[in-house]
Amino acid sequence: MSEQVGTAPALSDPPARRQPLPARALETTPARPWPVRHLSARIGEYVHRMPGVWVEGQVVQLNRRPGASLAFLTLRDIDADISLPVSLHTRVLDAAASTISEGDHVVVHVTPRFWAKRGTLQMEADEIRAVGLGDLLARIEHLKRLLGSEGLFDAARKKPLPFLPAVVGLVCGRESKAEHDVVVNARARWPQVRFEIREVAVQGLRAVPEVGAAIAELDARPDVEVIVVARGGGSVEDLLPFSNEALVRAVAACRTPVVSAIGHETDAPLLDLVADHRASTPTDAAKAVVPDVTEERSKVHTARTRLRSALTGMLHRESDRLAAVRSRPCLARPEAMLEHRHADVGRLRDAAARALDDALRTADADVERLAVQVRALSPAATLARGYAVVQRAADGAVVRSPGEVALGDRLRVRVAHGELAVDVAQGPAADADDVIDGAPGEPPHVIDGVPGEPPHVTDGVPGEPPHVTDGVPGEPPHVTDGDSGEPSDATDGDSGGSADVGTAAKSRASAGSSPRRARAPRPKPAG
């Protein structure tokens, strides 16, 4: 340790050929290596510069010989299989607040020491403290909040238990009471259930890795439908492995539903929170994973009874409804509905016939009335009373005045029942045609005439000639008398034009009346 660095001679080299040692480890080569003493010294110097540190672990071995001033213990990591040797003075053990023994959870203030002669590293402790129950609970509570913030305890991620698992995986202690409770109670409830049992350490340093390995093995088997982790009651320190972060995360990663049955009802390790189902005891876990065959048979019997009662009641109700439907008149006597409809059809048919007859009678009366009116207004009625329409045979023009014809002209004279062909053989005789409405023994009176001209028959308006209207096709034109309210208009069937009658006379006489006086002649209207 007192030899200067860089001046150590090589044993095989002569004094004249000594070379300095490399200053750094990276500069060493096969031709220029470091001696063991030099490496050991360097390691010692590096370790000696490290400060003291507080270390947490579990005491797995403690050697304290009577009369010796030094004690030795092995400090092991709580979660991993890693350990370190620790040496301490016996007065440090005596200064601890509580007696330190194997299995205790402690924190130690250590300083690393490297023994260059033996090439070993050892921790020298100058203070040791046992972790109390309050500290353990505080750490568990802190881990609980940490895992809860990650969602490992959420109800949404929990998987439902199978109704009737064929194979149940069981992780328990070796020949433990918890195994007996789970297996016996489960088979009493359902004898056909099978178990895959993994006996592991459920307490101490080996509990976490063995329980985690057993859960992973059962989770990898496809025939295992549910996994039960069971352990009997114990102290908080005994149940610490089931609040271990590594074990909790291993259970959260399982695809198979996990049932936690750790301790008693009052015990609450973190494994209960992350498991898919928490059982208060191993017996309660057996009741949770398999149903009771007696209870299930009773439920089946009750369901059958209820189903039979419901089906019978439904059949009775439907039978009553069917009987009620069949008793209705429309089904008891189906023809009754047809008879009613038949009566309705007959009544409606008779009403339609009566309505049609009434309509026909009304229409017939209307036609008769209109026919009477037409006959009254028809020029044929005028012809039937003795009037005639005179036309020239050459052009069919109606003759309204004697001056419109000449001697020898062929004329057509239309009467009520035909027509006559006549020739003009004599000139006009005004005194012979202009006489009408005379009284016996008195001279005739001249109506609306001008001396030397033919008289005119007025059509309701004084001084105007009568009008000829077109009659029915194929019938002779008719003359309507405008004064008397009877027809006096004539229609030329051939030419369709209207004409004034050249000469007409009308006799008016009433019993006991005096003869009418002759009216003064009126001038003939122009045109």
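**Exercise 1. Placing Leu39**

Task: In this predicted model, find the helix in which Leu39 lies, and decide how Leu39 stands with respect to the surface.

Solution:
- Step 1. Look for the element that holds the residue: Leu39 belongs to helix α1, which covers residues 36–48.
- Step 2. Check the accessibility. Leu39 has a relative accessible area of 43%. Partly exposed residues fall between the 20% and 50% limits, so Leu39 is partly exposed.
- Step 3. Now measure across the fold on your screen. Leu39 and Ala116 are 77 residues apart in sequence, while their C-alpha atoms are 8.9 Å apart in space.

**Exercise 2. Exploring the nonpolar cores**

Task: Work out which residues of the largest nonpolar core touch the most other members, and which element gives the most to this core.

Solution:
- Step 1. The largest nonpolar core has 30 residues, and those touching the most other members are Val171, Val211, Ile215, Val229, Phe242 and Val274.
- Step 2. Next, list the elements that give two or more residues to this core: the helices and strands are α3 (133–149), β6 (167–172), α5 (207–220), β8 (226–231), α6 (245–252), β9 (258–262) and α7 (270–274).
- Step 3. Among these, α5 gives the most, with 5 residues.
- Step 4. Zoom in on Val229. Setting aside neighbours within four places in sequence, Val229 is in contact with residues including Val171, Val211, Ile215, Phe242 and Leu271.
- Step 5. Do not stop there! A second, separate core has 21 residues, among them Ala178, Phe195, Ala230 and Val290.

**Exercise 3. Following the salt bridges**

Task: The structure holds 27 salt bridges. Take the pairs Asp276 and Lys159, Asp272 and Arg278, and Asp344 and Arg347, and describe each of them.

Solution:
- Step 1. Start with the idea behind the pairs: side chains of opposite charge can pair when their charged atoms come close.
- Step 2. Asp276 and Lys159 form a salt bridge through their side chains, at 3.6 Å from N to O. Asp276 sits in the loop between α7 and β10 (277–278) and Lys159 in the loop between α3 and β6, so this pair ties together parts that are 117 residues apart in sequence. Asp276 is buried at 12% relative accessible area, whereas Lys159 is partly exposed at 23%.
- Step 3. In the salt bridge between Asp272 and Arg278, the closest N and O atoms are 3.0 Å apart. Asp272 has 5% relative accessibility and is therefore counted as buried; Arg278, at 30%, is partly exposed.
- Step 4. Asp344 and Arg347 meet at 2.9 Å, N to O. Both are in helix α11 (residues 334–377), and because they are 3 residues apart, about one helical turn separates them. Asp344 is buried at 14% relative accessibility, and Arg347 is partly exposed at 47%.
- Step 5. Finally, look for shared partners: salt bridges join Glu196, Arg198, Glu217, Arg221 and Asp223 into one network.

**Exercise 4. A patch on the surface**

Task: Name the residues that make a nonpolar surface patch of about 280 Å², and explain why Met314 passes the accessibility cut-off for such a patch.

Solution:
- Step 1. The patch is made by Leu311, Met314 and Leu315.
- Step 2. Locate Met314: this residue is found in helix α9, residues 293–326.
- Step 3. Apply the cut-off. Patch residues need over 30% relative accessible area. Met314 is partly exposed at 38%, so Met314 passes.

Key. Residues are numbered from 1 along each chain as its sequence is written. This is a predicted model: local features need pLDDT of at least 70, side-chain atom pairs count only at pLDDT 80 or more; totals for chains, interfaces and linings use all residues. Side-chain values use heavy atoms; hydrogens and water are left out. Patches are made of residues with over 30% relative accessible area and no salt bridge: like charges are joined within 9 Å, nonpolar side chains (Val, Leu, Ile, Met, Phe, Trp, Tyr) within 5 Å. Accessible areas come from the Shrake-Rupley method with a 1.4 Å probe; for residues, only the protein chains shown count as cover. A salt bridge is a side-chain nitrogen of Lys or Arg within 4 Å of a carboxyl oxygen of Asp or Glu. Helices (H or I, at least four residues) and strands (E, at least two) are DSSP runs, numbered from the N terminus. Buried means under 20% relative accessible area, exposed over 50%, partly exposed in between (1.4 Å probe, protein chains only). A nonpolar core is a set of buried Ala, Val, Leu, Ile, Met, Phe, Trp, Tyr and Cys residues joined through side-chain atoms within 4.5 Å. Contact means heavy atoms within 4.5 Å.
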